[in-house]
Amino acid sequence: MKYCLLTLIVFVCSNLISMDAYLGIYVTTPNQNELQRAGLTFGLLIDIVMPGSPADVYDLRENDIIYSINNVVIRNESDLQRFLTSINPNETISVSLSRNQQPIIRQVQLRRREALYRELYIFNYIQNPWLFIGIDVEPISSALARLLSLEKGMVILDVRGSSIASLQGIEAGDIIISINGIETVNELIMTEAMNMGLQNQPMEFYIWRNNQRMTKLVDLSNSLNENINSNEVFILGPDVFNNELYSYSREMINRILNKSRSEIESDIERLEQEIFQLRQRMENGN
């Protein structure tokens, strides 16, 4: 799954430009009991609110039932999709909903659908950050450790061209001893170290190269942004020459990092499915 996710990212961001408005919710059809309790005969139940999405920022919540937007009746998912494809992607909309049997109206400023790609980037980085920056690694063997007088480390088997790692001086054959002071014993610990370093860039890679120990700094934004807000984290796409620089709030990063691995994988699957559906609509001219 690791390699296909990165392939998906590059393909999607290279080949798709969508003008659809992005709200950031997953919906389902409420049952009759839920509708009756809300005093409604139709509507859409919010099943999931994506962290950092317009819906999240403007206080739409799970289990809210949406029944109209800008006075347009929303009876089913098709109604919602038609509305989002027909409206200005940056427009502020008025969402009428029922929450705990009480009617509520929320003003929500939408974003362009490309926010989907940004979310997929960050989920992929958190799941496999070492692969995301462009390196393939494995633990050094005990024989190599004895030969080099090292206790542990991760050897870089390959560095992808035009990647964050390659453009910042990381080479195949380097042995990563630690990242930001955390010893790299295996892929799991290396992943955790790089995730912790997500909010503390550049990350300090302490490596063994040509019988010497040295430090290499890895900046996820590749120094493309000189005026970094203290509340933002910047991350560049894995292939730097075909890139997009995205910013994330530290609050959003913390929320994602606190998820279990199964939750992150589930989020990635949902995003992949939504992008697949978006591709189908674009290819069909809808």
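This tour goes through a set of strands and then a helix, with a selection to make at each stop.

The model is predicted, so local features need pLDDT of at least 70 and side-chain atom pairs count only at pLDDT 80 or more, while totals for chains, interfaces and linings use all residues. Residues are numbered from 1 along each chain as its sequence is written, and side-chain values use heavy atoms, with hydrogens and water left out.

Begin by selecting residues 44–49, which form strand β3; strands (E, at least two residues) and helices (H or I, at least four) are DSSP runs, numbered from the N terminus. Five of the six residues in β3 are buried, where buried means under 20% relative accessible area, exposed over 50% and partly exposed in between, with a 1.4 Å probe and protein chains only.

Next, add residues 25–28, strand β2, which runs antiparallel to β3 and is joined to it by four bridges; two strands pair if DSSP finds at least two bridges between them. Here Y26 stands opposite I48 of β3.

Then add strand β4, residues 65–69, which pairs with β3 in the antiparallel sense over two bridges, and look for I65, the bridge partner of L45.

Now move to helix α8, residues 187–196, and select N195 within it. N195 counts as buried because its relative accessibility is 9%, and, leaving aside residues up to four places away in sequence, N195 touches Y125, I126, P129 and L257, contact meaning heavy atoms within 4.5 Å. The buried residues of α8 are M190, T191, A193, M194 and N195.
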